[in-house]
Amino acid sequence: DMERAAEGPRSPSTDPSAGGPSKSDDAPVRFDTTFTPGKIFVGGLTSETTEADIKEYFSVYGTLTDVVVMKDKLTGNGRGFGFVTFEDMNVAERVVAQKHDIRGRTVEAKIAVPRGDHGEARGGGGGGGG
């Protein structure tokens, strides 16, 4: 049984510490200034998909407070991903648990979590300081 023991500890599924510290549970409580409850990352869009398409699709699930599709600054084409923000974060969690199909393309929806300073803070067309 020596061989089986040798391969065990290295695998993250059997050894929680191998996957780094598991402190993710308490992250949302701090309300990081960049963490928006109800905000969803939507990826896998076609370059023709517009904010209107996404808004129309996701507004079926609940009230949206924000919809944005990331576009290429030079060409103006969609970069294949965007974000939607639901008024109710419970709705957002329901939405990410499902498969979605926009304009015939399966898209992925995930709760948007800030990953360090990943360039999102830069050029974000200032939001009229209201």
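Buried means under 20% relative accessible area, exposed means over 50%, and partly exposed lies in between, with a 1.4 Å probe and protein chains only. Keep those cut-offs in mind.

Now the ground rules. This is a predicted model, where local features need pLDDT of at least 70, side-chain atom pairs count only at pLDDT 80 or more, and totals for chains, interfaces and linings use all residues. Residues are numbered from 1 along each chain as its sequence is written, and side-chain values use heavy atoms, leaving out hydrogens and water.

Salt bridges next. The rule asks for a side-chain nitrogen of Lys or Arg within 4 Å of a carboxyl oxygen of Asp or Glu. How many salt bridges does this rule give? The count is three.

Take E51 and K71. Their closest N and O atoms are 4.0 Å apart. E51 is in helix α2 and K71 in strand β2, so to speak of distant parts of the chain is fair: 20 residues separate them. Helices here are DSSP runs of H or I with at least four residues, strands are runs of E with at least two, and both are numbered from the N terminus. K71 has 43% relative accessibility, so it counts as partly exposed. E51, at 31%, is partly exposed too.

Second pair: D53 and R103. The closest N and O atoms are 2.6 Å apart. D53 is also in helix α2, while R103 sits in the loop between β4 (100–102) and β5, 50 residues away in sequence. Is D53 buried or exposed? D53 is buried, because its relative accessible area is 19%.

Third pair: K110 and E108. This bridge is 3.9 Å, N to O. K110 is partly exposed at 39%, and E108 is partly exposed at 42%.

On to the core. A nonpolar core is a set of buried Ala, Val, Leu, Ile, Met, Phe, Trp, Tyr and Cys residues joined through side-chain atoms within 4.5 Å. The largest one here has 16 residues, and I40, V42, I54, F58, V84 and F86 have the most contacts inside it. At least two core residues come from each of β1 (39–43), α2 (51–58), β2 (64–71), β3 (78–86), α3 (89–96) and β5 (105–111). What does I54 touch, leaving aside residues up to four places away in sequence? L45, T49, V67, V69 and V84. Contact means heavy atoms within 4.5 Å.

Last stop: M89, in helix α3. Its relative accessible area is 35%, so M89 is partly exposed. With the same sequence neighbours left out, up to four places away, M89 touches P37 and G38. M89 and K39 are 50 residues apart in sequence, yet 7.6 Å apart in space, C-alpha to C-alpha.
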